[in-house]
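Reader: Could you walk me through this fold and a few of its residues?

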Amino acid sequence: MSRHTPNLQLDEQGHLLHFLTIDGLRRELLTEILDTAEGFTGVSERTIKKVPLCRGKTVANLFFETSTRTRTTFELAEKRLSADVLNLNISASATSKGETLLDTLRNLEAMHMDMFVVRHADSGAAHFIAQHATPGVGVINAGDGRHAHPTQAMLDMFTIRRHKGEFVGLRVAIVGDILHSRVARSQILALNTLGVSEVRVIAPRTLLPHDARKLGVHVYHDLQEGIRDVDVIIMLRLQRERMQGALLPSEHEYFQLYGLTDERLEAADSEAIVMHPGPINRGVEMDSLVADGPRSVILQQVSYGIAIRMAVISMIIGRQNLQAQA
Ligand code: NCD
């Protein structure tokens, strides 16, 4: 599967056709997504939680890999935009009977879908679907292998902007299993595009890609040193399901070295926020006192995920509508 075709997601005017990766997107577009999401945060707080922007459109959520937060917040975003929603848990149906990804796509296209939201264990799966989908059908990557998770990165950027106001001048640390994390890759691209002063990654050598510095980050192996004076700390889950061989001594030992505790948090800026894309492993990457403590914005990330997904979906559908009128 082809992995790096970032321009596939933009039309000649630079508008979103698909949302597959942060790679290749300009700061203005990322800011437009954040500003559009800002307008949607209010919808979820109304008595009638709906706007008619995607009425008459059908969105299929194709989840080839399990998910709770991402799948449910996509579904809510679609419903709050008034789209018709189809949820397919494909791991349990077609592919297990031997159908190819392309056949699944063709069958769904025969049902006249306007958009596919795709999560898949293979890096490049969403790009593959976007390349083969009928022109005019939008594809959103909801996480592909170790490659990208662009809506997660954008909801994280939204959370940071809400708490810190500006990206310029911020120091951000991403801690943990960088090697297997599609979230970290997308976050690093977004943070650098939005112009933060410094992105640090903190991890044992076995959980870092060998060319980590090429991602535009400062590498630390010591948690205390790495979080010193940072404004934002993003903790990542150990992606055990993607680990081959023994990359870690034990979860207990990992916590001793890299687990975030209130005491360790003191090294960061006194106003630092703590984030995690979920699911959290309490006592492995962080202590419960931190996860539930005053610095944690983890549940806000979940709420903002709906607004960000509404923004991306409405931007793609909005362009489809313009195209149909032309
Ligand atoms: C992440 C994912 O699935 O990539 N979670 C999420 O989308 N909420 C990170 C993870 O699974 O650890």
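Here are some questions and answers about the sheet, a helix and single residues.

Author: Happy to. This is a predicted model, where local features need pLDDT of at least 70, side-chain atom pairs count only at pLDDT 80 or more, and totals for chains, interfaces and linings use all residues. Residues are numbered from 1 along each chain as its sequence is written, and side-chain values use heavy atoms, with hydrogens and water left out.

Reader: Which strands stand at the edges of the open sheet of 4 strands?

Author: Helices (H or I, at least four residues) and strands (E, at least two) are DSSP runs numbered from the N terminus, and two strands pair if DSSP finds at least two bridges between them. The open sheet has 4 strands with parallel pairing, in the order E2-E1-E3-E4. Each edge strand has a single partner, so one side of it lacks a neighbour in the sheet; these strands are E2 (84-89) and E4 (138-144).

Reader: Which residue of E2 stands opposite Ala60?

Author: E1 (residues 58-63) pairs with E2 in the parallel sense over 6 bridges. Opposite Ala60, the residue in E2 is Leu86.

Reader: At about what angle to E1 does helix H2 run?

Author: Angles run from 0 to 180 degrees between N-to-C directions, with axes as lines fitted to C-alpha atoms, for helices over the stretch in contact (heavy atoms within 4.5 Å). Helix H2 (residues 69-80) lies across E1, E2, E3 (115-120) and E4, and its angle to E1 is about 180°.

Reader: Is Arg161 buried or exposed?

Author: Arg161 belongs to helix H5 (residues 150-164). Leaving out residues up to four places away in sequence, Arg161 touches Thr31, Leu34, Asp35, Glu38 and Phe167. Buried means under 20% relative accessible area, exposed over 50%, and partly exposed in between, using a 1.4 Å probe and protein chains only. Arg161 has 19% relative accessibility, so it counts as buried.

Reader: And where is His112, the residue with phi near 60°?

Author: That phi is a positive value in a residue other than glycine. His112 is exposed, because its relative accessible area is 64%. Its place is the loop between helix H3 (101-109) and E3.

Reader: Which peptide bond is cis, with omega near -5°?

Author: Look in the loop between strand E9 (273-275) and helix H10 (288-291), where Pro279 has its place. The cis bond runs from Gly278 to Pro279.
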